[in-house]
Amino acid sequence: MRTALAALAALALSTHAGLAGEVAPTDVNYMDGAVEMSLSGTAGDATEGRSIVGSKKKGNCVACHMVSDLADVPFHGEIGPPLDGAGERWTEAELRGIVANAKLTFEDSMMPSFYKTEGFIRPGKAYTGKAADDTFGPLLTAQQIEDVVAYLVTLKE
Amino acid sequence: MQKIKTVLGTCAAMALTAGVAMAGPAEDKLILNEEIEMVTVTTAPDHMSDAMDTIYSGWHFRGVETRAMQSDDFDNPGMIAVEQAEDAWNTVDGSEGKSCASCHDGSDSMAGVKPVYPKWSEAAGEVRTLEHQINDCRENRMGAEKWKYTGGTMQGMVALIASVSRGMPVNVAIDGPAQSMWEQGKELYYTRTGQLELSCANCHEDNYGMMIRADHLSQGQINGFPVYRLKNTKLNSVHARFKGCVRDTRAETYKPGGQEFIALELYVTSRGNGLSVEGPSIRN
């Protein structure tokens, strides 16, 4: 969990420099929780998305969700519903909204908001326990969100 | 009992966790040294009856071997620190030429103390944890140096004082002069901190019994502290544990020994009113 530092440094670059064609976390347009427009302007890579969902250092989605397709990854949690079939239950825009900020789809959800940079109470510097500094960025980059969404769309039952 | 959800899809996840885990608290009884029957599950105290019906010691959420290890003092590695603290209890230290025993007699005179801490100190006009009270005796009555709040010597002493109350029910006062501190602790318990925006309640009230990745979530009770963790092979203080859980929400933590954690300790202890004092307990 701790080695998210490197990822954060990378994030700082992408968010602060504002890559061309990228929607900043504070500019995302949510419609009933869903987000129509790609956040990065570049198509998502489902293979990369699969790795982000299973990786402790990136999305760590399996901490809370069981995913049958990720049987090679040990220890799936059971806080949220299994993600099997998510690509059938939700449209791509809805999935993008859920991953970027689930609280706009599920009120008070325990699911973290992966593309958000404001409104936190005592935000820290990753898992150090120290206060956030200017390396603070969203949990996932715009492109990582797109990759995750591209993967979730493939999850059919 | 609605909280002990038998979640669908659990089975698949369980299969992966090598058959150790199971949803909900394990059904088991803790009898210490074949003698003391410990209360590890009981009715929730009134102040939290709208949140849950039943409270469980963290012991119920650990594996068979860890549970067994705690039932016999010869197998409990935390008891080594207790023995060392017994020596410290009788050792003269500081400018006044006194040991704890000079004023308190044997360490068994501390029976009944741990269940009521953190406690309002009339003389000091504040809520104190055991650590604060011990350091007060060292500094102001013995003329000795303070012990580090979360350090091994201090936690050994806290474990010794806890150990002579094992089997007695936790019973901290939450009204009277301690009430405002208790309210503050409750507020902290329900505050969603850090970039992950998680409160203690998200994990330990709404989801106990569930797996979060490889961890079997307990109610986050502290009747078993100090806790000997197999993970770091030493006694862990309540505040160090709090600090770790706050850090894991990607938040800026509070300081061990500070006001916020004293308040949180008072509140969390009160959620365990009725459970037996277990310290030093064993967890992973």
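This is a quick walk through one helix pair, the chain A–chain B interface and a few salt bridges.

Okay, before anything else: what you have on screen is a predicted model.

Let's start inside chain A, with helix H4, residues 92–101, and helix H5, residues 142–153. Their axes come within 9 Å and cross at roughly 130 degrees. That crossing angle makes H4(A) oblique to H5(A). As for the hand, H4(A) goes past H5(A) in a right-handed crossing.

So who's touching whom? On the H4(A) side you've got A:Glu92, A:Leu95, A:Arg96, A:Val99 and A:Ala100. Facing them from H5(A) are A:Ile145, A:Glu146, A:Val148, A:Val149, A:Leu152 and A:Val153. Sort that contact by class and you get eight nonpolar residues, three charged ones and no polar ones.

Now over to the two chains. Here 43 residues of chain A are in contact with 34 residues of chain B. Together the chains bury about 3200 Å², with 56% of that on carbon and sulfur atoms.

How many salt bridges run across this interface? The rule finds two between chain A and chain B. B:Glu197, for instance, forms a salt bridge with A:Lys103, and their closest N and O atoms are 3.3 Å apart.

Zooming out, a search of the whole structure gives 16 salt bridges over all chains. One more pair to look at is A:Lys58 with A:Glu48, a salt bridge whose closest N and O atoms sit 3.7 Å apart. A:Glu48 is in helix H2 of chain A, while A:Lys58 lies in the loop between helix H2 (46–54) and helix H3 (86–89), so this pair ties together parts that are ten residues apart in sequence.

That's my tour, thanks.

Terms used: Residues are numbered from 1 along each chain as its sequence is written. Chains are lettered from A and ligands numbered from 1 in the order in which they are written. This is a predicted model: local features need pLDDT of at least 70, side-chain atom pairs count only at pLDDT 80 or more; totals for chains, interfaces and linings use all residues. Side-chain values use heavy atoms; hydrogens and water are left out. Axes are lines fitted to C-alpha atoms, for helices over the stretch in contact, and angles run from 0 to 180 degrees between N-to-C directions. Helices (H or I, at least four residues) and strands (E, at least two) are DSSP runs, numbered from the N terminus. Angles under 35 degrees count as roughly parallel, over 145 as roughly antiparallel, 65 to 115 as roughly perpendicular and the rest as oblique. A crossing is left-handed if the near helix is turned anticlockwise from the far one by less than a right angle, and right-handed if clockwise. Contact means heavy atoms within 4.5 Å. Ala, Val, Leu, Ile, Met, Phe, Trp, Tyr, Cys and Pro count as nonpolar, Asp, Glu, Lys and Arg as charged, and the others, Gly among them, as polar. Buried area is the accessible area (1.4 Å probe) that two parts lose on being put together, summed over both. A salt bridge is a side-chain nitrogen of Lys or Arg within 4 Å of a carboxyl oxygen of Asp or Glu.
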